[in-house]
Amino acid sequence: MSNLNLKAKQQNSYDAIVIGSGASGGWAAKELCEKGLKTLVLERGRMVRHIEDYPTASKAPWEFEFRGTVPIEKRSGVGAARWGREETMHWALAEDEQPYIEEKPFRWFRGYHVGGKSLLWARGTQRWSDYDLEGPARDGYAVDWPIRYQDLEPWYSYVEKFVGFAGSRDGLPELPDQIVQPGFELSCIEKYYAEQLKSMYGNRHLIQGRCAHLTDPQEIHKQQGRNKCQHQNMCNRGCVYGGYFSANASTLPWAEKTGNLTVRPDAVVESILYDEEKGRAIGVRIIDRNTKEAMEFYSKIIFVNASTINSNAILLNSKSSRFPNGLGNDNGLMGKFMACHNYRGKGFATFEGFQDKATEGRHPGHAYVPRFRNVFKQDTDFLRG
Ligand SMILES: Cc1cc2nc3c(=O)[nH]c(=O)nc-3n(C[C@H](O)[C@H](O)[C@H](O)COP(=O)(O)OP(=O)(O)OC[C@H]3O[C@@H](n4cnc5c(N)ncnc54)[C@H](O)[C@@H]3O)c2cc1C
């Protein structure tokens, strides 16, 4: 019997386990597999393979029952299901499957499928500067970051080369330049607005938003099988060109090519196994979404990349004598004080003029106003940006 157990344990042992296959899990898998580690990626949702599992990618509006927008009375539930877009509805978790209590309007976007929210994100990707990282040290509020821009800079560059970004080099200290391919040109009205801002305020800028789109694919992107962005603005359906970065188009297939990757979809990680004698984590326990069977997988290295709320939930679930309140939760703060991603900080306006101009092509990068308040000095009664 013990031999049988040993065999099962060996079969379920890997050099590394990654929980979650989204933006960060895909990267972890790429790095680990490239370094020769046999890596198991556990993903609670279904498999989504690049291109073949993007069912609406090339559909025209008239091919959808409601021409794209689901009537309000037919939308149900809370959160993401309310967005009502037919093209991307299949990425939204059925809210009746996992409802949550919404006391104030709160959209909890969950990408429960291989690729996670890397398929849903808006691809805006700017670097942080020391003005951001030094915030707590300067104003004394919250805990200082243990790193500064010079620690991050090589890693930004490392990621940017592989991912590929479009944008401009703006020379702004509050928004460090990054490795970019040609950006999406601002429209005539955006250019006008940029000039007005600069002339009126000096330190306020409107720039091309830097975004994870390929406008001039380099060899490293071609090796990923990715091509130039076609400006279709249909990104969230999944891009058959690989024009924008997603785990599905980029990091996961790259990891797969090494022969070291195993992806197990439909595997809901319930907890991390902690060995009291060894004093360390030794594996994870999953529940198979379809069979409801519980299984264990073992590894010395475990990356928790299940996104903010689910990573906290897994750790809180991982109780042992050493960690009665959840793994790593000695201070009792886990699961509290989590920050939400600010989804919509947008402004819209109309302007009378430029009637003689037309805009060529779509503009997936958008225009972007870098933070201008409380950067070089404190000029409001609130802290930071
Ligand atoms: C609409 C939208 C727009 C956005 N726009 C931007 C933007 O412009 N710029 C930007 O920087 N960011 C943006 N984001 C945020 C960005 O998508 C996330 O920060 C990023 O995807 C987080 O990566 P992650 O790997 O932590 O989580 P995810 O990408 O969400 O991946 C987590 C994965 O873990 C899986 N998982 C969860 N629980 C378990 C479990 N128990 N067991 C196994 N697997 C599990 C999930 O199914 C998922 O696949 C946007 C997000 C949304 C929703």
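The following dialogue examines the ligand shell and several salt bridges in a predicted model.

Visitor: Which residues come nearest to the ligand?

Guide: Among the 32 residues around the ligand, Ser 24, Glu 43, Ala 122, Gly 124 and Val 269 come nearest. By class, this shell holds 14 nonpolar, 14 polar and four charged residues. Helix H2 (23-34), strand S7 (267-275) and helix H9 (308-317) each contribute at least two residues to the shell.

Visitor: What makes the approach of Ser 24 to the ligand a polar contact?

Guide: A polar side-chain atom of Ser 24 lies 2.7 Å from an oxygen atom of the ligand. A polar contact requires a pair of N or O atoms within 3.5 Å, so the pair qualifies. Backbone N or O atoms also approach the ligand: that of His 113 lies 3.1 Å from an oxygen atom, and that of Ala 122 lies 2.8 Å from a nitrogen atom. The protein covers 85% of the 990 Å² of accessible area that the ligand has on its own.

Visitor: Why is the pair of Glu 34 and Lys 30 called a salt bridge?

Guide: The N to O distance between their side chains is 3.2 Å. The cut-off for a side-chain nitrogen of Lys and a carboxyl oxygen of Glu is 4 Å, and the pair therefore meets it. Both residues lie in helix H2, four residues apart, about one turn of the helix.

Visitor: Is Lys 30 buried or exposed, and what of Glu 34?

Guide: Lys 30 has a relative accessibility of 2%. Buried means under 20%, so Lys 30 counts as buried. Glu 34, at 36%, falls between the limits of 20% and 50% and is therefore partly exposed.

Visitor: How do you know that Lys 35 is exposed, and with which residue does Lys 35 form a salt bridge?

Guide: The relative accessible area of Lys 35 is 55%, and exposed means over 50%, so the term applies. Lys 35 forms a salt bridge with Glu 31, their closest N and O atoms being 3.1 Å apart. Glu 31, at 18%, is under the 20% limit and therefore counts as buried.

Visitor: What makes the salt bridge between Arg 371 and Asp 132 a link between separate parts of the sequence?

Guide: The closest N and O atoms of Arg 371 and Asp 132 are 3.2 Å apart. Arg 371 lies in the segment after strand S11 (367-368) and Asp 132 in helix H3 (residues 130-133), so the pair ties together parts 239 residues apart in sequence. Arg 371 is partly exposed, with a relative accessible area of 21%.

Visitor: Which residues are joined into one network by salt bridges that share partners?

Guide: Lys 30, Glu 31, Glu 34 and Lys 35 form that network. The whole structure contains 21 salt bridges.

Note on methods: Residues numbered from 1 in each chain as written. Predicted model: local features only at pLDDT ≥ 70, side-chain atom pairs only at ≥ 80, totals over all residues. Heavy atoms only, no water. Near = heavy atom within 4 Å. Polar contact = N/O pair within 3.5 Å; in protein donor to acceptor, adjacent residues only side chain to side chain. Areas by Shrake-Rupley, 256 points an atom, 1.4 Å probe, with all protein chains shown as cover. Nonpolar A, V, L, I, M, F, W, Y, C, P; charged D, E, K, R; others polar. Buried < 20%, exposed > 50% of the residue type's maximum accessible area, 1.4 Å probe, protein only.
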